[in-house]
Structures are given as C-alpha cells and as structure tokens.
Amino acid sequence: MAERSASRLQLQSELDHWRYAISALRELDAFASNSAWAELEEYLSTGLRARLRSVTDSLDLEAAQLVGAFRSEVATDELRERLLRLRDRYVQVETVLDFFGDALAVRSDPVTAAQLRGLDVLAADSMDYVLRPLGIEAPPVLCYFDKGLGASILKAGVRLWDRGNPLSAAAIKITRHNARHPTALLHETGHQVAHLTGWNQELADALSRKLRSQSVELGDAWAGWASEVGADVYAFALSGYAPLPALANVVDGTSGAAFRMIFGDPHPFPWIRVMFNVALCRSWFGPGPWDMVGQAWWERHPMEAAPTAVARLAQESIAAMPGIVDVCTRQPMAAFGGRPLTSLIDPRRVSPSELNVLGERAGPTLLSSSYLMRRESVRILAWLTTRAPDPANGTRLRDWLSNLGNPNLIRRSA
C-alpha cells in the first residue's frame, strides 16, 4: 500500500510538471515575436496561429481530463500510460512550435527573407502545374534555410497531433550549401503534390505490377521506394537535368554508403537513385551531360563493391530501368485525371536545347522581366542552375529570387 501511495504521489508530481509545461506552450511569443507571427500569418493568408492555439488547447484539455481521472481513483497503471501519451504529444507540439519559431527567426535578416520569399513563390508555382488543372488548391508554403545535407518538407494537411487540427501550411527546408542550387525544393513540392493527389500508392502498385514478374524482390523494393521515386520524377519533369548534379553531390559517399540499403528506408540506395535520375534524362533527352554523371558513378562505385544481394538488385534494376521510367513518366494515373504526369508537366520544355532557346529569346530580360518571372519561374530556375557553376551565377540566382519574392510583384500577379 505504501508503494502504491508513493507511486501515485510521484505520478501527481509528474502530472503537475507537464501541466505547467503545457501552459507555457500557449505563449506563442516565446517561440517568435507577436509581430513575426502576425507578419507570417498575413503573408501565408492562413489561420496558422489559430491552428497552433487549438492544438495547445487540445493538449491542455487532455491534461485536465487526466487530472479528473486521477481524482476518480483510476488505476495507477492506467494513469501512467495516459501520462506518457500526454508527454509524447507535448514533445510533438513543442517540436512544431519550435520549428516555426526557428523558420521565422531565419527571416529576420532582410536579404535572407527576400530570397526565401522567392523560394516560397517557386514552391507555389511548381505545385500549380499539376494541382490547378485537377481543381486542387495548392497550400501556402514557408521555406527556410537550415543545416545538413538534404532538404525536407513538413507537408500541409498532415494531422500531426489530433484529428481536428491538420497543418495548414507546408514548410520546406532548403540546405544552406544548396542555397545557390535549390532544385531540391521541387522534390519536396513533389511530395506535397503526391500527398494531395494520392499518387504515392498508385505509383507503388504500378511499379509492383510491372516488376514482380521479373523478380518479387525487385517489385517490392521499387514499390517501397515509390514516394521518393515519385518526388524525383516530379522534380525532373519540372526542371529536367537541373536536380541531378545536386542530388549526386548530396547522396555521394564511400562505396559502402552508395550501396547501403536500409530496411524500411523509402529512399532508393544512393547508387540506384542516381542511375534512375540519369535514366530519366536519357529516356526523354537522349545523350547529354547526365551520362557523365552516370559514368562517374560507375567508375567511383563499381558494382563489385556492393553486397551480393544489393548488387543483384542493382543489376535487375538497370535491366528494368526503361520500363521503370515509362511507368513513372508515361503511364496514365488516376491521380492525374487518367493522364500521365508528363501530360501536365512536359519534361521536353526543360531539355537543354529548350532552355537555351528560352535564354536566347529572352536575352537580358530573362532575369529582369516581371512577366517572365511569373510565367516561367520554374524554367528560369532550371536555366540558372544548369549554367556553368561560378560565383556570378550564384549572385544572379540570389538577386532573381529576391525580385521574384517582391511583395508588389506577388500582389500584381494575384
């Protein structure tokens, strides 16, 4: 009895602790200033603060219900289980609030804020190609710079905490090292589009049907990679070759890492992911600079360095690659109204020759025309990021993004 009493006293102390912590979450100004929240809310045109307050209110209510259960002499073991669930939900909510606070802090510098507004516009434009014809409204997007090698997205519409409060805006991380080559943005918006259209499961099923007759393991592997494969295909359709150099740079490492296949990882192992992106370019554009990337990876990471099972899967994938590319880019999908993705986004518009034509026709106005900024923003990004890398190109991209995100330009085009 004494032990049980001690357990309940300790539980009471822990409950008091988490109730106090939850009450502190309600003060959103602790994560970013009130003016920063207001500016963000006006910019995104969404009730983000109201959603976040609803989430903390829900958490507070759960804690109050737990207090009632404690007073009703509910069994100690059940109370502890509920308290641990409450603690886990607290951590989730705190993480998201901290996330938005950090994203807002990055925008305190005017130069950085201007570039990020341009990336926000690019993100919205890249989704409109597919979502607008399907009658789906693209969610607002907040981009931010952060450390690390790879980009990521917190998707709009995902229910992170409870059934009543889906996230109302997407947030996309752009790594600082790729600030001058931000094509990973298009991969991340591909994730958002796939989420809203239901493409992931349909693509997984299509890849499985195509490949399982050749090998059950091959079909299962590509079906398991469908979400990341689809996002790569989306970025390719929008910008052609442009994402490949940045991708190859980010996923490279030792040969052991290049052939490392992690159970449950939705990403294809790096070697086959690079080869798939090379195959996309080759299938739609023929020979080109992507062949050099593929050859470099064959030489840098010879198949003999792969574990036996991974080498077999890699060889089978290479043999099946034309069919894989066709499923991903040419097969009609219900997600896209019974059409292939490439009927909505034609990759041929971003072939090297077409991008050269775009640059030649526009001449000096390519990066200064507000009309072209709003009509051809994604193709201009592809043009900029496929020029020879040098500091001048990086500066041009930065300045162009700042102009693209100019609030006056955004309002005029709305």
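For the charge count used here, Lys and Arg are positive and Asp and Glu are negative, with His and the chain ends left out. By that bookkeeping, the protein chain of this predicted model carries 44 positive and 46 negative charges, and the mean positions of the two sets lie 4 Å apart.

As for the overall build, the protein chain folds into 20 helices plus three strands. Its C-alpha atoms fill a box of roughly 80 × 55 × 40 Å along the principal axes. The radius of gyration is 24 Å, which agrees with the value near 22 Å that a compact globule of 414 residues would have. Half the story is inside: 50% of the 414 residues count as buried. Contacts tell a long-range tale, too. Taking those between residues at least 6 apart in sequence, 74% join residues at least 24 apart. On the outside, the accessible surface adds up to about 19300 Å², and carbon and sulfur atoms account for 52% of that.

Now to one helix in particular. H3 covers residues 48-71, 24 residues in total, and spans 35 Å from its first C-alpha to its last, close to the 34 Å expected at 1.5 Å a residue. An α-helix has 3.6 residues a turn, so residues three or four places apart point the same way. The buried residues of H3 include Leu48, Leu52, Val55, Leu59, Ala63, Leu66 and Phe70. Also buried in H3 are Thr56, Val67 and Ala69. After H3 comes glutamate 73, with a positive phi near 60°.

Definitions and conventions
Residues numbered from 1 in each chain as written. Predicted model: local features only at pLDDT ≥ 70, side-chain atom pairs only at ≥ 80, totals over all residues. Heavy atoms only, no water. Helix = DSSP H or I, 4+ residues; strand = E, 2+ residues; numbered from the N terminus. Rg over C-alpha atoms; globule rule 2.2 N^0.38 Å. Buried < 20%, exposed > 50% of the residue type's maximum accessible area, 1.4 Å probe, protein only. Contact = heavy atoms within 4.5 Å. Areas by Shrake-Rupley, 256 points an atom, 1.4 Å probe, with all protein chains shown as cover. Charge placed at Lys NZ, Arg CZ, Asp CG, Glu CD. Expected span 1.5 Å × (residues − 1).
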